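Please open the structure in your viewer and keep the sequence panel beside it. The tour begins with a term, moves to a single strand and its partners, and ends with the whole chain.

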Amino acid sequence: MAITVVGSVAFDSIETPSGRRERCLGGAATHFSLAASFFTDVRVIAVVGEDFGPEQEAVFQARGIDTRGIERIAGKSFFWEGSYLENLNEAKTHATELNVFAAFEPKIPDAYRDSEFLFLANIDPVLQRRVREAMPDARLVAGDTMNYWIKDHRAALLEVLKGLDILLINDTETKMLAGNNNLVHAARAVMALGPHTLVVKHGEYGATAFFSSHSFSKKDAYEEHIFRAPALPLEEVVDPTGAGDSFAGGFFGYLASQTEITPATFRRAMFYGSVMGSFAVERFGTERLQQLTRQEIDDRFILFRELTHLD
Ligand code: AMP
């Protein structure tokens, strides 16, 4: 089943304790697509400027990602600059330049319209909502956001949440969105805003899914409220940028590759999310996902099972 994703396609300048990179290919939709492409067909909706050339396009092509929905216009691509010098779990944003995204009018290519899965990756909630409305037939809709939009674009974000089945955000953002410092209470409050399923990402500590009776294909299969997947303890986290989007790509990509969503497929999706996040942080930007193989993914999935198995 194909996934259509809308979100930032960007250039990132990143500083971590392992070093610095200037203007590498980034963006929420980029990291998401690369990760999801190991599981299913992916189609991207975004806008880029004249600085996005054949070298960047080739990264998508190499993974078979459909880029017909990436519009090219005059101007500069989205630019983000951040560092992780004090805390590898939370980026410190130094610059966010929307550039060509400021006036973007998303257009959905006809070839994308039969996508049953829709992912609204991190970008202005006004754009997320427009794409959601333009794809009313999507069977499962998931999304992400960040503090930047929660703080200053709350009303638009609340509208997006109403149209989501699954929201994936990190723990500090869950608490910020709910105005509650207890994760369980905050999760409940966020789910009351729309999504029937919430996946809370904890950076290097894994992710927790909160379910409701609507989370599965068969409503009577409901049997759990909370499931937590670990993250892989790594000796070196080179660059956390894109870990959350890679988690989302593995999670949603795996779900889209399954015929039915059951509690078991959901749990496995959480593990595939963690697997993809663990690879993403091993090198700067998209470098690791560009070189990844399906065999490495399967091997690491087994490693995750061993990490958590009791018997
Ligand atoms: P994450 O998975 O949370 O580490 O997301 C990292 C990506 O988000 C980077 O590649 C940035 O280009 C992108 N990004 C940063 N700020 C924003 C924003 N305000 N809106 C959309 N994308 C952003």
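A residue counts as buried here when its relative accessible area is under 20%. The model on your screen is predicted, and that cut-off is what the next selection rests on.

Select residues 197-201, which form strand β11. Five of the five residues are buried, so β11 is largely enclosed by the rest of the structure. In a regular strand the side chains alternate between the two faces of the sheet. In β11, Thr-197, Val-199 and Lys-201 lie on one side, Leu-198 and Val-200 lie on the other, and both faces are covered.

Next, add residues 166-170, strand β10, which pairs with β11 in the parallel sense over five bridges. Within this pairing, look for Leu-168, which stands opposite Val-199 of β11.

Then select residues 207-210, strand β12, whose pairing with β11 is antiparallel and runs over four bridges. Here Lys-201, one of the buried residues of β11, stands opposite Ala-207 of β12. Between the two strands of this hairpin there are five residues, and Gly-203 takes a positive phi near 55 degrees.

Finally, show the whole protein, where eleven helices and 13 strands can be coloured separately. Its C-alpha trace spans about 55 × 45 × 40 Å along the principal axes, and the radius of gyration of 18 Å agrees with the value near 19 Å for a compact globule of 311 residues. If you colour by burial, buried residues make up 56% of the 311.

Definitions and conventions:
Residues numbered from 1 in each chain as written. Predicted model: local features only at pLDDT ≥ 70, side-chain atom pairs only at ≥ 80, totals over all residues. Heavy atoms only, no water. Rg over C-alpha atoms; globule rule 2.2 N^0.38 Å. Buried < 20%, exposed > 50% of the residue type's maximum accessible area, 1.4 Å probe, protein only. Pairing = 2+ DSSP bridges.
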